[in-house]
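Reader: I have a protein model open and do not know how to read it. Where should I begin?

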Amino acid sequence: MDDYTRRFDLSRDKEWETKEILSSVYDSLQQKGYNPINQIVGYILSEDPTYITNYNNARTLIRQLDRDELLQELVRSYLKD
């Protein structure tokens, strides 16, 4: 048996969940004919869920994300690249 302590990094799981949700919402908006970027930005700025379609439960999904955490993750992701 190895003598080491495993680390669990919850932030990596949260990052993956955020990316999955945002991708799903993006796809749903695109499938319904909306400009996904404009709609998601409108939601983030106003926190008005009507910017997001109900199609494929996209509105429910995006509301699972904390808006401040979403903004932090977007900025972090942008600056990484």
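Author: Begin with the largest nonpolar core, which has twelve residues: Ile21, Leu22, Val25, Leu29, Ile40, Tyr43, Ile44, Ile52, Ala58, Ile62, Leu65 and Leu70. Keep in mind that this is a predicted model.

Reader: Which elements give two or more residues to this core?

Author: They are α1 (10-31), α2 (36-46) and α3 (58-62). The most comes from α1, with four residues.

Reader: How many helices and strands does the secondary structure have?

Author: There are four helices and zero strands. Along the sequence the pattern reads α-α-α-α.

Reader: Take one core residue. What does Leu22 touch, leaving out residues up to four places away in sequence?

Author: Leu22 touches Ile40, Ile62, Leu70 and Leu74. Ile40, Ile62 and Leu70 are also listed in the core.

Reader: How is a residue judged buried or exposed?

Author: By its relative accessible area: buried means under 20%, exposed means over 50%, and partly exposed is in between. Take Glu73, which lies in helix α4 (residues 67-80). Glu73 counts as buried because its relative accessibility is 15%.

Reader: What does Glu73 touch, again leaving out residues up to four places away in sequence?

Author: Glu73 touches Glu15 and Thr18.

Reader: What share of the protein's residues is buried?

Author: Of the 81 residues in the protein, 25% are buried.

Reader: Now the outside. Which residues make the nonpolar surface patch?

Author: Tyr26, Ile37, Val41 and Leu45 make a patch of about 380 Å². Helix α2 supplies the largest share, three residues. Tyr26, for its part, lies in helix α1.

Reader: Why does Tyr26 count as partly exposed?

Author: Because its relative accessible area is 31%, a value in between the limits for buried and exposed.

Reader: What area does the whole protein expose, and what share of it comes from carbon and sulfur atoms?

Author: The protein exposes about 6,500 Å², and carbon and sulfur atoms supply 47% of that area.

Reader: One last feature. How do I read contacts along the sequence?

Author: Take the contacts between residues at least 6 apart in sequence, then ask what share joins residues at least 24 apart. In this protein that share is 47%.

How values were computed:
Residues are numbered from 1 along each chain as its sequence is written. This is a predicted model: local features need pLDDT of at least 70, side-chain atom pairs count only at pLDDT 80 or more; totals for chains, interfaces and linings use all residues. Side-chain values use heavy atoms; hydrogens and water are left out. A nonpolar core is a set of buried Ala, Val, Leu, Ile, Met, Phe, Trp, Tyr and Cys residues joined through side-chain atoms within 4.5 Å. Buried means under 20% relative accessible area, exposed over 50%, partly exposed in between (1.4 Å probe, protein chains only). Contact means heavy atoms within 4.5 Å. Patches are made of residues with over 30% relative accessible area and no salt bridge: like charges are joined within 9 Å, nonpolar side chains (Val, Leu, Ile, Met, Phe, Trp, Tyr) within 5 Å. Accessible areas come from the Shrake-Rupley method with a 1.4 Å probe; for residues, only the protein chains shown count as cover. A salt bridge is a side-chain nitrogen of Lys or Arg within 4 Å of a carboxyl oxygen of Asp or Glu.
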